[in-house]
Amino acid sequence: DDDDDDDGHDAKMKKKDVKERLRRWEMGETGYPYIDAIMTQLRTQGWIHHIARHVVGCFLTRGDLWISWEHGARVFDRLLLDADY
């Protein structure tokens, strides 16, 4: 079934919904100023404090988006200058 997606908390969350939520998180367009500021800093500077990493990771997986941590790890791997450490 196209509506099933194990990347989101809700098994009925559509893949396009997961992709759009993930895109908004990565681009700093969630509507939550603190989350958006952190993700903007990550995109522009390639670094965020370890506490900020925890905050945006929790927001992604449990805070509001309910998206698998693996998607966030791929974003961090791509954007963080120290991702390989």
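How many aromatic pairs does a search of the whole structure find? It turns up 2, and one of them gets its own close-up below. Keep in mind while browsing these views that the model is predicted.

**View 1. The whole chain is a run of helices.**
The chain has 4 helices and 0 strands, so reading from the N terminus the order of elements is simply α-α-α-α. Of the 85 residues, 38% are buried. Among contacts with a separation of 6 or more, 44% come from residues 24 or more positions apart.

**View 2. Tyr32 and Phe59 make an aromatic pair.**
Here is one of the 2 aromatic pairs found in the structure. Tyrosine 32 and phenylalanine 59 sit edge-to-face, with 5.0 Å from centre to centre and 65 degrees between the planes. Tyrosine 32 comes from the loop between H1 and H2 and phenylalanine 59 from helix H3, so this pair ties together parts that are 27 residues apart in sequence. Buried or exposed: which word fits phenylalanine 59? Phenylalanine 59 counts as buried because its relative accessibility is 8%, under the 20% cut-off. Its partner, tyrosine 32, has 38% relative accessibility and therefore counts as partly exposed.

**View 3. Helix H3 has a buried set of residues facing its neighbours.**
Helix H3 covers residues 50-63, and its buried residues are Ala52, Arg53, Val56, Cys58, Phe59, Leu60 and Thr61. What do these buried residues pack against? Their partners are helix H1 (15-27), helix H2 (33-45) and helix H4 (69-79). Phe59, the ring from the previous view, is on this buried list.

**View 4. H2 meets H3 at an oblique angle.**
The angle between H2 and H3 is about 120 degrees, and their axes are 10 Å apart. The two helices are therefore oblique to each other, since 120 falls outside the 65 to 115 degrees that would count as roughly perpendicular and is not over 145. The crossing of H2 past H3 is left-handed. On the H2 side, the contact uses Tyr34, Ile35, Ile38 and Met39, while H3 brings Ala52, Val55, Val56 and Phe59. Sorted by class, that gives 8 nonpolar residues, no polar and no charged.

**View 5. H1 and H4 cross with a mixed contact.**
H1 and H4 pack at about 35 degrees, their axes 11 Å apart, and H1 passes H4 in a right-handed crossing. From H1, look for Leu22, Trp25 and Glu26; they meet His71, Gly72, Val75, Phe76, Arg78 and Leu79 of H4. Which classes of residue does this contact have? There are 5 nonpolar, 2 polar and 2 charged residues in the contact of H1 with H4.

**View 6. Arg43 on H2 touches residues from elsewhere in the chain.**
Arginine 43 belongs to helix H2 and counts as partly exposed because its relative accessibility is 31%. Leaving aside residues up to four places away in sequence, arginine 43 touches Glu26, Met27, Gly28 and Leu79. Glu26 and Leu79 also turn up in the contact between H1 and H4. For a distance check, the C-alpha atoms of arginine 43 and valine 75 are separated by 9.8 Å, with their places 32 residues apart along the chain.

**View 7. Trp66 has a positive phi.**
Tryptophan 66 is in the loop between H3 and H4. Its phi is near 55 degrees, a positive value in a residue other than glycine. With a relative accessible area of 34%, tryptophan 66 is partly exposed.

Note on methods: Residues are numbered from 1 along each chain as its sequence is written. This is a predicted model: local features need pLDDT of at least 70, side-chain atom pairs count only at pLDDT 80 or more; totals for chains, interfaces and linings use all residues. Side-chain values use heavy atoms; hydrogens and water are left out. Buried means under 20% relative accessible area, exposed over 50%, partly exposed in between (1.4 Å probe, protein chains only). Contact means heavy atoms within 4.5 Å. Axes are lines fitted to C-alpha atoms, for helices over the stretch in contact, and angles run from 0 to 180 degrees between N-to-C directions. Angles under 35 degrees count as roughly parallel, over 145 as roughly antiparallel, 65 to 115 as roughly perpendicular and the rest as oblique. A crossing is left-handed if the near helix is turned anticlockwise from the far one by less than a right angle, and right-handed if clockwise. Ala, Val, Leu, Ile, Met, Phe, Trp, Tyr, Cys and Pro count as nonpolar, Asp, Glu, Lys and Arg as charged, and the others, Gly among them, as polar. Rings of Phe, Tyr and Trp (its six-membered ring) pair if their centres lie within 6.5 Å; planes under 30 degrees apart count as stacked, over 60 as edge-to-face and the rest as tilted.
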